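Subject: Structure handover

Hello,

Here is the structure I said I would pass on. Please have it open while you read the notes below.

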Amino acid sequence: MTLADVAPAALRQERTLVTEIPGPRSRELMARKHHAVAAGVGTTMPVFAVRASGGVVEDVDGNVLIDLGSGIAVTTVGSSAPRVVEAVGRQVEAFTHTCFMVTPYEGYVAVAEQLNRLTPGTHEKRSALFNTGAEAVENAVKIARAHTGRPAVVVFDHAYHGRTNLTMAMTAKVRPYKHGFGPFAPEVHRAPLSYPFRDGGLDGETAARRAIEVIDEQVGADRVAALVIEPIQGEGGFIVPAPGFLPALLEWCRAKGIVFVADEVQTGFARTGAMFACEHEGLVPDLLVSAKGIAGGLPLAAVTGRAGIMDAAHPGGLGGTYGGNPLACAAALATIETIEAGRLTDRARRIETLMTERLSRLQRDDPRIGDVRGRGAMIAVELVQPGTREPDADLARSVAAAAHAAGVIVLTCGTHGNVLRFLPPLPISDALLHEALDILAAAFARS
Ligand SMILES: *Cc1c(COP(=O)(O)O)cnc(C)c1O
């Protein structure tokens, strides 16, 4: 892979600050935003974007920022990746919409074929396309209920599955996602997760037994339609469960006729150094939900899984006006081509090595960095009061703010808000990564 395959030449891959952050134009736009946009829609960065590609985002004042967020794990192949621009351009001239449920088109079928090929397992599969991660998660639940005839859904501590009514119920964290927005959908039950940093290093199988006990005692396995889990939790804090945890849950689901749903909305599409995070433990889920990285920035989401389960929903039972929009499908096909041609899963693993090496070095000298974890280009540090596991959300906030002011886009996450997470676009250069890590190290030193 060369940068020419993934980034338009127009935008220099170099951090450049020409004003303070935010600059005057961004401040003006932010004032307009406060008057025009609902207060509930927050922003991480105080600057407004005009262009993005490779590893950088340019703002309205001409500042060029290093991107360690990818718009929350979406622009994995880079923003405006050349193949995506070309494919969408061709499609936008041909037609923008017919509705797949009215006059179908090949792109939708081709994306389904690619998903069936790329997701774990060689069994016969089907896919259905939607617009957002939350919508796809909801549809996975609909399909699992149709297949099993059972009502209950099991989710986990620290889970994030979206902001619609059902997915709010499935999401763990109250603030900001649920506060004041109830009542929530019924029959959503929460089980304990494997969280190696915080559960005393409980091994995966023991942690799975603990979760199964809760489900057996508080729900009843024969009432459970689906167990929905992120193979690595995203918003919850980039929590990688102990080895063996996911396989033990999957095995138990098989034995009990429960549909195992992997929510790979954040982890999917090369992000973790494999096409899907399930592959790291050889997991073959019954259903896999994908979105975010799937279409290079265009809104698309999917449920892919066993034909016998997917086909349980009656004709007309699934769909939506925009689901599998032709522009988004063209973008997804180009994104998949970009990942495969550029061997971007290798690139994600290289980013993992570079970032964990640097962050672990930082951790050795700074007892406030309690944990360095993640896979591929999905890496995080969990911040604590020195010598304890007490979450330090203030430190996460101040380091993030310092990074933002210096022109580095970073995000926080975690149930306690004390995790800094890094989700760089895969075409980002090593030089930009090192520079961003230098800036983070300086921010830690000053915070
Ligand atoms: C972002 C996310 C969702 C929700 O996706 P939207 O497109 O924002 O609706 C669901 N699950 C996981 C794991 C996510 O990271």
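What follows is a description of the sheets, a few of their strands, and three residues picked out for a closer look.

Please keep in mind that this is a predicted model.

The seven-stranded sheet

One open sheet has seven strands in the order β4-β10-β9-β8-β7-β5-β6, and its pairing is mixed. At its edges stand β4 (125-130) and β6 (188-191), each of which pairs on one side only. Ignoring direction, neighbouring strands in this sheet are turned by 20° against each other on average.

Two of its pairings show the mixture. β4 and β10 pair in the antiparallel sense over six bridges, and R126 stands opposite G305 in β10. Strand β7 (residues 224-229) and β8, by contrast, pair in the parallel sense over four bridges, with A262 in β8 as the bridge partner of I229.

Two helices lie across this sheet. Helix α6 (residues 133-148) lies across β4, β5 (152-156), β7, β8, β9 (287-290) and β10, and runs at about 25° to β10. Helix α8 (residues 204-218) lies across β5, β6 and β7, running at about 145° to β6.

Strand β8 and D263

β8 is mostly covered, with five of its five residues buried. In a regular strand the side chains alternate between the two faces of the sheet. In β8, V259, V261 and D263 point one way, while F260 and A262 point the other way.

D263 belongs to strand β8 (residues 259-263). Which side chain of opposite charge is nearest to D263? It is K292, at 7.2 Å, and D263 is buried yet has no salt bridge. The cut-off for a salt bridge is 4 Å, so a nearest opposite charge at 7.2 Å does not qualify. The side chain of D263 does reach the backbone nitrogen of V265, at 3.0 Å. Beyond its neighbours within four places in sequence, D263 is in contact with V137, Y160, H161, V228, I229, E230, P231 and V289.

T304 in β10

T304 is placed in strand β10 (residues 301-306). Its relative accessibility is 2%, so T304 counts as buried. The side chain of T304 makes a polar contact with the side chain of S127, at 2.8 Å. Not counting residues up to four places away in sequence, T304 touches a set of residues including L115, N116, T119, K125, R126 and S127, and also D286, L287, L288 and M310.

The four-stranded sheet

A further open sheet is formed by four strands in the order β1-β2-β3-β13, again with mixed pairing. β1 (49-53) and β13 (408-409) stand at the edges with a single partner strand each, so one side of each is left without a neighbour in the sheet. Helix α14 (residues 430-446) packs on this sheet and touches β2, β3 and β13; the direction of α14 makes about 95° with that of β3. Within the sheet, strand β2 (residues 56-59) and strand β3 (residues 64-67) run antiparallel and are joined by three bridges. E58 stands opposite V64 in β3.

V410, in the loop after β13

V410 lies in the loop between β13 and β14 (411-413). Is V410 buried or exposed? At 0% relative accessibility, V410 counts as buried. Leaving aside neighbours within four places in sequence, V410 is in contact with T44, L68, A400, A403, H404, F422 and L440. V410 and L423 are 13 residues apart in sequence, and their C-alpha atoms are 8.2 Å apart in space.

Strands β11, β12 and β15

Strand β11 (residues 369-375) pairs with β12 in the antiparallel sense over six bridges, and V372 stands opposite V381 in β12. The two strands form a hairpin with two residues between them, and G376 in the turn has a positive phi of about 60°. β12 also pairs with strand β15 (residues 419-422), in the antiparallel sense over four bridges. There, V419 in β15 is the bridge partner of E382.

Strand β12 (residues 378-383) is mostly covered: six of its six residues are buried. M378, A380 and E382 point one way from β12, and I379, V381 and L383 point the other way.

Regards

How values were computed:
Residues are numbered from 1 along each chain as its sequence is written. This is a predicted model: local features need pLDDT of at least 70, side-chain atom pairs count only at pLDDT 80 or more; totals for chains, interfaces and linings use all residues. Side-chain values use heavy atoms; hydrogens and water are left out. Two strands pair if DSSP finds at least two bridges between them. Contact means heavy atoms within 4.5 Å. Axes are lines fitted to C-alpha atoms, for helices over the stretch in contact, and angles run from 0 to 180 degrees between N-to-C directions. Buried means under 20% relative accessible area, exposed over 50%, partly exposed in between (1.4 Å probe, protein chains only). Lys and Arg count as positive and Asp and Glu as negative; His and the chain ends are not counted. A polar contact is a pair of N or O atoms within 3.5 Å; within protein, one must be able to donate a hydrogen and the other to accept it, and residues adjacent in sequence count only if both atoms are side-chain atoms.
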